[in-house]
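Visitor: Hi! Could you walk me through this structure in plain words?
Guide: Happy to, let's bring it up.
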Amino acid sequence: MVNNSTVDAAIHTEDLRVERGGRAVLRGLSFDVPRGQVTGLLGPSGCGKSTLMRAIVGVQARCTGVVEVLGQSAGSAALRHRVGYVTQAPSVYPDLSIRQNLRFFAAVLGADQGDVDDAIAKVDLVDYADDLVSRLSGGQEARVSLAVALLGEPELLVLDEPTVGLDPVLRRDLWALFHRLADSGVTVLVSSHVMDEADRCERLLLMRDGVIIADDTPQLLRSSTGADDIEGAFLTLVDLDREASR
Amino acid sequence: MNPRITFAVTGRVLAQLRRDHRTVAMLLFVPCLLLTLLWWIFDGNDLVFNRFGPPMLAMFPFIVMFLVTSVTTLRERSSGTLERLLAMPMGKGDLLVGYALAFGLVALLQAGIAVGLTVGLLGLEVEGSLWILTLVAVLDAVLGTALGLFVSAFASTEFQAVQFMPAIVLPQVLLCGLFVARSAMPGVLEAISDVLPLSYAVDAMREVQVRTDVTGDLVVDLLVVLAFGVGALALGAVTLRRRTA
Ligand SMILES: Nc1ncnc2c1ncn2[C@@H]1O[C@H](COP(=O)(O)OP(=O)(O)O)[C@@H](O)[C@H]1O
Ligand SMILES: [Mg+2]
């Protein structure tokens, strides 16, 4: 029973449905996210990316269906040490310094205080370590939030739009960091509403209006739809779907 | 619960407070300012100040802690840090007790200063031990903290949190026996005041004021205040949900 593909996947969902504010926000998602890769969750704003990520880390109420993370039911206590999560809003304390923020979260996770300096270095904020977060730019604040998720050597990183609004050089550096982490065995799930980030992912989940409309590698998505880029592929898929439902 | 995590929360809340001079001033000195104002209003009439002083000494820490706690925890909710913490190995008890310890420590300072001022400088007459008087003030502050933590679960904005102040705190102020002795109130109101924690806090203050020894009534009053505090914290832990809509 252990020896099947669903257990090997880092994330496995079957017919996942979520209702928020009386509306069906996720409408029956079934997909697998492979381990040790950077998977992109792409879709327009409001399509349900954040809701899906909340379901994966176990903070979303009213989920039905199956969500398994690292072989365990999403949100189970044992997973709280193994999953790093960055919410869409930079969830750090603005009235503390970068280092104070990281020390606190490291203590909560039981992570080594040595991890704190490592994490600050990974997001390239060493020069600002003792600055108050409220004095940082939006992009720097987002990186502090990311650094918190790197504490305690998580096996899965769930990152909700971590690169939005960053300058292109920083974005490139962060994607390089995600790939280094993936190479060391960490599974990285990154959401974005910017389609041109697609080619930086090894695998893509395209989402629209609460359903996954494609689950493939960027190359195969382009070739199967005949589109030049992922935005084109997205449009082709939506058009095909409309024709089918007509 | 895990002491490492509980104390991490306490340390973090205190570190945040240390940077926030305005809130520290409000916590430590506004009660003193109000008590001095009260003394001044009665213009040296010791009889009246001795009647109103003890209830005020119970009330100010309670109100100030209630306000600061409910807004602080709400900020944690709206900034997303609460969601992040609850996705981490953070027990709900760790979070609430961590907060209560931090504000309890502040309350100790606050009560020490307020008691020192009213007894030392403003001439409040107290028969009982000043330690007990301080203890009563600290328990009142902890009660305010616990209630503030509890109600913050029912608010989604800081504005809503502040609205609990007239709804939950002011009725207790009216009914605690400050204006009219509780036994002289209409029966219904006396019955209501019997189930409100601030009534017991004020009774305890009066008891310390007039009795040199620790009476059974005083112990009961203190236990009731403590029970309300612990109960509010427990309810707070129950109403804090890891999964939210
Ligand atoms: N707290 C909430 N209560 C009710 N509905 C919500 C809430 N948060 C988001 N929604 C709705 O759920 C849908 C998906 O939102 P979200 O998951 O945030 O999308 P995305 O992250 O892709 O922009 C949207 O229609 C949004 O209006
Ligand atoms: Mg989102």
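Visitor: What radius of gyration would a compact globule with 246 residues have, and what does chain A have?
Guide: A compact globule with 246 residues would have a radius of gyration near 18 Å, and chain A has 18 Å, which agrees. That radius is taken over C-alpha atoms, and the globule rule is 2.2 Å times the number of residues to the power 0.38. Before we go on: this is a predicted model, where local features need pLDDT of at least 70, side-chain atom pairs count only at pLDDT 80 or more, and totals for chains, interfaces and linings use all residues. Residues are numbered from 1 along each chain as its sequence is written, chains are lettered from A and ligands numbered from 1 in the order in which they are written, and side-chain values use heavy atoms, with hydrogens and water left out.

Visitor: Okay, how many helices and strands does chain A have?
Guide: Chain A has eight helices and 10 strands. Helices (H or I, at least four residues) and strands (E, at least two) are DSSP runs, numbered from the N terminus.

Visitor: And chain B?
Guide: Chain B has 10 helices and zero strands. Along the sequence, its pattern reads α-α-α-α-α-α-α-α-α-α.

Visitor: What share of each chain is buried?
Guide: In chain A, 51% of the 246 residues count as buried. In chain B, buried residues make up 53% of 245. Buried means under 20% relative accessible area, exposed over 50%, and partly exposed in between (1.4 Å probe, protein chains only).

Visitor: What about the outside of chain A and of chain B?
Guide: Chain A exposes about 10700 Å², with carbon and sulfur atoms supplying 46% of it. Chain B exposes about 10700 Å², and there carbon and sulfur atoms supply 71%. Accessible areas come from the Shrake-Rupley method with a 1.4 Å probe; for residues, only the protein chains shown count as cover.

Visitor: How many charged side chains are there, positive and negative?
Guide: Chain A has 24 positive and 36 negative side chains, and the centres of the two sets lie 5 Å apart. Chain B has 16 positive and 17 negative ones, with centres 18 Å apart. Lys and Arg count as positive and Asp and Glu as negative, while His and the chain ends are not counted. The place of a charge is NZ of Lys, CZ of Arg, CG of Asp or CD of Glu.

Visitor: Switching to strands: is β3 of chain A buried or exposed?
Guide: All five residues of β3(A), residues 38–42, are buried, so this strand is largely enclosed by the rest of the structure. A:V38, A:G40 and A:L42 point one way, and A:T39 and A:L41 the other way.

Visitor: Which strands does β3(A) pair with?
Guide: β3(A) pairs with β8(A), residues 187–192, in the parallel sense over five bridges. A:V38 stands opposite A:V188 there. Four bridges join β3(A) to β9(A), residues 203–208, also running parallel. In β9(A), A:L204 is the bridge partner of A:G40. Two strands pair if DSSP finds at least two bridges between them.

Visitor: Where's the antiparallel pairing?
Guide: Chain A has an open sheet of four strands in the order β2-β1-β4-β5, with antiparallel pairing. β2 (23–33) and β5 (72–73) stand at the edges, each with a single partner strand, so one side of each is left without a neighbour in the sheet. β4(A), residues 63–69, pairs with β5(A) over two bridges, and A:V69 stands opposite A:Q72.

Visitor: Any odd backbone angles?
Guide: Most residues other than glycine have a negative phi. A:R62, in the loop between α2 and β4 of chain A, has a positive phi near 55 degrees. A:R62 counts as exposed because its relative accessibility is 54%. A:D124 has a positive phi near 65 degrees and lies in the loop between α4 (114–122) and α5 (138–150) of chain A.

Visitor: Last one, on chain B: what does B:T145 touch?
Guide: B:T145 touches B:M65, B:F66, B:T69, B:A100 and B:F103, not counting residues up to four places away in sequence. Contact means heavy atoms within 4.5 Å. B:T145 is found in helix α6 (residues 130–152) of chain B and, at 1% relative accessibility, counts as buried.
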